[in-house]
Amino acid sequence: MPMPHRTQMQVIKRRLVGKDGSERVRELRAILAELPNYRSGPYADIRKWVNGELEATRTRARVVHRDSISVRREGAAQIALVGPPNAGKSSLLQALSSIQIKTGDYAFTTTRPVPALTRINGVLVQLVEIPGLIVGASEGRGGGRALIGVLRGADAIVFCHDASAPPAELQAVLAELEAAGVDKPSLLAATKADEAGPEALAAAFPETDVLGVSVLDDDSLEAFRQAVWRLTGLLRVFLRSGGEIEDEPVALQPPVTVLDVADSIHHELAARCVGARVWGPSARFEGQRVGREHALVDGDAVEILA
Ligand SMILES: Nc1nc2c(ncn2[C@@H]2O[C@H](COP(=O)(O)OP(=O)(O)OP(=O)(O)O)[C@@H](O)[C@H]2O)c(=O)[nH]1
Ligand SMILES: [Mg+2]
């Protein structure tokens, strides 16, 4: 004997008590599967109600998700690693930094953005793995909108794609970002280069810089680091005082003047700065005296005069 519809509705509501998010979605799906699929009548009404709940639960989950994803910026630049699941993003992160992160031969090993600091040319740069949930994001699928929000905050993007995988999955990711209006300096890392060369991806994405990289090959990792450095657009200036040059340069976005460097150390120093002595590529001779507005280039060493 089937239950009266009113009782059935009560049973359904009782099954949902205390369940939210994905647990509630699972339960609602199970309920739908058990309901007879009538087009009209009381069962159709119940089905409609359950479907409405499903949609509402998904929307709530998205809102919670959106609020909870943020990546605190660290280092001189923030570079997002984006690509389909299983592309090797976590493996790259692990090879380039000291973080421990789960890698796995299956999709969606990483489910939230994971930041890691790596030192390139003496400067700390933040890499952020974006989980492969981007596709469908413009329709709000699976927290993808929040991830696109993270990308909007990044300085540049490294697309990661298995060198031997067909290009379609990555094309879908690129289309998604285009639809979302995300346009950043980028390069394409053809991953797992120990298994296949970058040629196929280079042919499929003629407008993008493509670089083969394998976590098993240190030279390719160093080339990758340098490519990431070029993406940051940063310029390094070394501080000098009393004849000693500091190991860690100041990294700034060009154009960079003597005043900018002073300001990056302290606003007060900028206020007192009258110029600098410069050693390196922008100096006509070593130790040249220059004014506050002198334009510095990568690799210069300066002694601020105040
Ligand atoms: N041969 C080879 N395998 C690699 C390389 N990099 C990653 N892999 C393998 O590829 C698989 C996926 O690696 P992950 O780093 O977890 O990939 P991911 O892009 O972070 O994946 P999700 O987080 O699931 O989206 C793992 O089995 C890795 O061991 C590489 O350079 N060479
Ligand atoms: Mg991962």
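Begin with the whole protein chain of this predicted model: of its 306 residues, 44% count as buried. With the full chain still selected, consider its overall dimensions. The C-alpha atoms fill a box of roughly 95 × 50 × 30 Å, taken along the principal axes. A cartoon display shows the secondary structure, which comes to 10 helices and 14 strands. The radius of gyration is 27 Å, well over the 19 Å that the globule rule gives for 306 residues, so the chain is more spread out than a compact globule. Among the contacts with a separation of 6 or more, 56% are between residues 24 or more positions apart.

**First stop: helix α1**

Select residues 5-16, which form helix α1. From the first C-alpha to the last, these 12 residues reach 17 Å, close to the 16 Å expected at 1.5 Å a residue. Now display the side chains of Q8, M9, I12 and L16, the buried residues of α1. Why do these residues line one face of the helix? Looking down the axis of α1, one finds that its buried residues fall within an arc of 100°, so they share one face. Next, select R6 and R14, which are exposed on the other side of α1. Then move to G18, which follows the helix and has a positive phi, near 75°.

**Second stop: the open sheet**

Turn next to the open sheet of 6 strands. In what order do its strands stand? The order is β2-β3-β1-β4-β5-β6, and the pairing is mixed. Select β2 (114-120) and β6 (210-213) to see the edges of the sheet. Each has a single partner strand, so one side of each is left without a neighbour in the sheet. From one strand to the next, the twist averages 30°.

Within this sheet, select residues 78-82 for strand β1 and residues 156-162 for strand β4. These two strands run parallel and are joined by 4 bridges. For a detail of this pair, display I79, which stands opposite A156 in β4.

**Third stop: two helices across the sheet**

Keep the sheet visible and add residues 89-96, helix α4. Helix α4 lies across β1, β2, β3 (123-129), β4, β5 (186-191) and β6. The direction of α4 is at about 160° to that of β3.

Finally, add residues 218-232, helix α8. Helix α8 also lies across β1, β2, β3, β4, β5 and β6, and runs at about 145° to β6.

Terms used: Residues numbered from 1 in each chain as written. Chains lettered and ligands numbered in written order. Predicted model: local features only at pLDDT ≥ 70, side-chain atom pairs only at ≥ 80, totals over all residues. Heavy atoms only, no water. Expected span 1.5 Å × (residues − 1). Buried < 20%, exposed > 50% of the residue type's maximum accessible area, 1.4 Å probe, protein only. Arc of directions from axis to C-beta. Pairing = 2+ DSSP bridges. Axes fitted to C-alpha atoms, helices over the stretch in contact; angles between N-to-C directions. Contact = heavy atoms within 4.5 Å. Rg over C-alpha atoms; globule rule 2.2 N^0.38 Å.
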